[in-house]
Amino acid sequence: MCNPFIRKTVMRTPLVLMVLLSLITPFSLAEDVGGENAGGEKVDGENEVLKAVYKMPVWMDQVQRMCPWKSSDGEGYVRVIRTEQAGRHQLYLQWIRKGIAGSPTQAVSTVQVEELAQDLAVKIQMPKPSLEPGFCKLTARAENIITERRYDMTLLLKGPGTYELNTTTLFSGTL
């Protein structure tokens, strides 16, 4: 059995999360879920892809591509990773740069939303994105796992590794 402190530390490390996410490669459009291509024969590399997916930790709840970004250095998208540990959700934001001229796609920045990790023990919906001039806005509703108080949360993603979290406490429906 692993020491809980070590397990907790390792699971929250963004570097470990980046390594785990780099193991996932997209499936070819010619492949179906059963592991055969359009001609009905087995695809050689698929077994390796599935092995990598099975190694993903179970605490990774959901991963979703959200907002496109573009700068003088390149272009890509923001990936939002929601994890679930001990009944609470965490969010990680990862800026992915698309490769050009045959270079691989890679993560240029990964950050954990620290406010959720330190201050708020919540379950949070997967955020909904909207593009605004100069930033990407992610909005979601969250609920405290202890008090059941609800929050509206807005994440403003400004550039690789830079975000701002705004939280609004909602009144309960009962008085």
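**A tour from valine 58 to a pocket and a hairpin**

Start by selecting valine 58, which is exposed because its relative accessible area is 83%, over the 50% cut-off. This is a predicted model, so the tour shows computed values throughout. Valine 58 sits in the loop between helix H3 (46–54) and strand E1.

Next, add glutamine 85 to the selection. Glutamine 85 and valine 58 are 27 residues apart in sequence, and their C-alpha atoms are 9.3 Å apart in space.

Now turn to the second largest pocket, which holds about 230 Å³ of space. To find its centre, select Trp69, Lys70, Lys158, Gly159 and Pro160, the residues that lie nearest to it among the 17 that line the pocket. Then colour strands E1 (60–71), E3 (88–97), E7 (135–144) and E8 (150–159), each of which gives two or more residues to this lining. Which strand gives the most? E1 does, with 4 residues. Colouring the lining by residue class shows 10 nonpolar, 3 polar and 4 charged residues.

From the pocket, follow E8 into its partner. Select strand E9 (residues 162–169): E8 and E9 run antiparallel and are joined by 8 bridges. Glycine 159, already selected as one of the residues nearest the pocket centre, has threonine 162 in E9 as its bridge partner.

Last, select glycine 161. Where is glycine 161? It belongs to the hairpin of E8 and E9, which has 2 residues between the strands, and it takes a positive phi near 85°.

Key
Residues numbered from 1 in each chain as written. Predicted model: local features only at pLDDT ≥ 70, side-chain atom pairs only at ≥ 80, totals over all residues. Heavy atoms only, no water. 1 Å grid on protein atoms, 1.4 Å probe; cavity = no way out; pocket = protein on both sides within 12 Å on 5 of 7 lines; lining within 4 Å. Points joined across faces, edges and corners; volume = space filled by probe spheres on them. Nonpolar A, V, L, I, M, F, W, Y, C, P; charged D, E, K, R; others polar. Pairing = 2+ DSSP bridges. Buried < 20%, exposed > 50% of the residue type's maximum accessible area, 1.4 Å probe, protein only.
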